[in-house]
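Trainee: Before we use any labels for this chain, could we go through what justifies each of them?

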Amino acid sequence: MKLSQDVLLGLFFVVFGVVSVSVAMSYPFGTSGRMGPGYFPVIISSLLVLTGLLVLFRSQFVQPERLPAIRWKPLLLIPGAVVMFGLAVETLGLPLAVLLLTILSAATSIKFHIGWKAVAGSLAFAALCSVVFIELLGLPIPIVGSWLRVLGF
């Protein structure tokens, strides 16, 4: 078996699925009519293992491609943006935290350049998230964070 993206992806799915199934098996499973807390995780994790096995099987019949070089910028910026969002949501408020998350995540693209379209799209997404999560779902997330209240906003 030659190492390819399909092999790595299949192995990842199988390993992650097996670990998840083993953790989920410690919860009561229940029945289809009365599902326990382990019912859904066991089924989803089992499907993940099955998907991984199918990907591994398929990798035997396709010509392996060279593994591409690791793109470090997205690998570091995406988790960093998520952490930054988590830290900023209380201090800046949801709209500014979403704006920051969106622009940092988009900056990982090769084609990204900050312009009026990127800012307008990020602002629209931040406004939509604020309406959905705060107004419609009623989540207790501040619109204006604690740092901005100190400044008088």
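Mentor: Let us begin just after helix 5, where Gly 138 takes a positive phi of about 70°. Please keep in mind throughout that this is a predicted model.

Trainee: What makes the length of helix 5 close to the expected one?

Mentor: Helix 5 runs over residues 116-136 and has 21 residues, for which 30 Å is expected at 1.5 Å a residue, and the distance from its first C-alpha to its last is 28 Å, which is close to that value.

Trainee: Which residues of helix 5 are buried, and which are exposed?

Mentor: The buried ones are Ser 122, Ala 126, Cys 129, Ser 130 and Ile 134. They cover an arc of only 105° around the axis, and therefore they lie on the same side of helix 5. On the other side of helix 5, Trp 116, Lys 117, Glu 135 and Leu 136 are exposed, while the cover over the buried residues includes helix 4, residues 94-106.

Trainee: Why is Ser 122 called buried?

Mentor: The label requires under 20% relative accessible area, and Ser 122 has 5%, so it is buried. Once residues up to four places away in sequence are set aside, Ser 122, which is found in helix 5, touches Leu 99, Thr 102 and Ile 103. By contrast, the C-alpha atoms of Ser 122 and Leu 75 are separated by 21 Å, with their positions 47 residues apart along the chain.

Trainee: Why does Thr 108 count as buried?

Mentor: Its relative accessible area is 11%, so with the cut-off at under 20% Thr 108 is buried. Thr 108 is found in the loop between helix 4 and helix 5, and it touches Arg 71, Lys 73, Pro 74, Leu 77 and Ile 78, again not counting residues up to four places away in sequence.

Trainee: Is Leu 76 buried or exposed, and how do you know?

Mentor: Leu 76 has 60% relative accessibility and the limit for the label is over 50%, so Leu 76 counts as exposed. Its place is in helix 3, residues 72-92, and its C-alpha lies 9.1 Å from that of Thr 108, although Leu 76 and Thr 108 are 32 residues apart in sequence.

Trainee: What makes the pair of Asp 6 and Arg 58 a salt bridge?

Mentor: Side chains of opposite charge can pair when their charged atoms come close. The rule asks for a side-chain nitrogen of Lys or Arg within 4 Å of a carboxyl oxygen of Asp or Glu, and the N to O distance between the side chains of Asp 6 and Arg 58 is 2.9 Å, so the pair meets the rule. This salt bridge links distant parts of the chain, since Asp 6 is in helix 1 (residues 5-24) and Arg 58 is in helix 2, 52 residues apart. By this rule the count comes to one salt bridge.

Trainee: Why do Asp 6 and Arg 58 get the labels they have for accessibility?

Mentor: Asp 6 has 18% relative accessibility, which is under 20%, so it counts as buried. Arg 58, at 44%, falls between the 20% and 50% limits and therefore counts as partly exposed.

Trainee: How do you know that the span of helix 1 agrees with expectation?

Mentor: At 1.5 Å a residue, the 20 residues of helix 1 should span 28 Å, and its end C-alpha atoms are 28 Å apart, so the two values agree. Among the buried residues of helix 1 are Val 7, Gly 10, Val 14 and Gly 17, and the buried residues of this helix pack against helix 2. Phe 13, also found in helix 1, is in contact with Leu 48, Val 49, Thr 51 and Gly 52, leaving aside its neighbours within four places in sequence.

Trainee: Which residues make the nonpolar surface patch, and why can Leu 47 belong to it?

Mentor: The patch of about 660 Å² is made by Phe 29, Phe 40, Ile 43, Ile 44, Leu 47, Leu 50 and Leu 54. Leu 47 lies in helix 2, residues 39-59. Its relative accessibility is 45%, so Leu 47 counts as partly exposed and passes the requirement of over 30% for patch residues.

Key: Residues are numbered from 1 along each chain as its sequence is written. This is a predicted model: local features need pLDDT of at least 70, side-chain atom pairs count only at pLDDT 80 or more; totals for chains, interfaces and linings use all residues. Side-chain values use heavy atoms; hydrogens and water are left out. Patches are made of residues with over 30% relative accessible area and no salt bridge: like charges are joined within 9 Å, nonpolar side chains (Val, Leu, Ile, Met, Phe, Trp, Tyr) within 5 Å. Accessible areas come from the Shrake-Rupley method with a 1.4 Å probe; for residues, only the protein chains shown count as cover. Helices (H or I, at least four residues) and strands (E, at least two) are DSSP runs, numbered from the N terminus. Buried means under 20% relative accessible area, exposed over 50%, partly exposed in between (1.4 Å probe, protein chains only). The expected span of a helix is 1.5 Å times one less than its number of residues. The arc is that of the directions from the helix axis to the C-beta atoms. Contact means heavy atoms within 4.5 Å.
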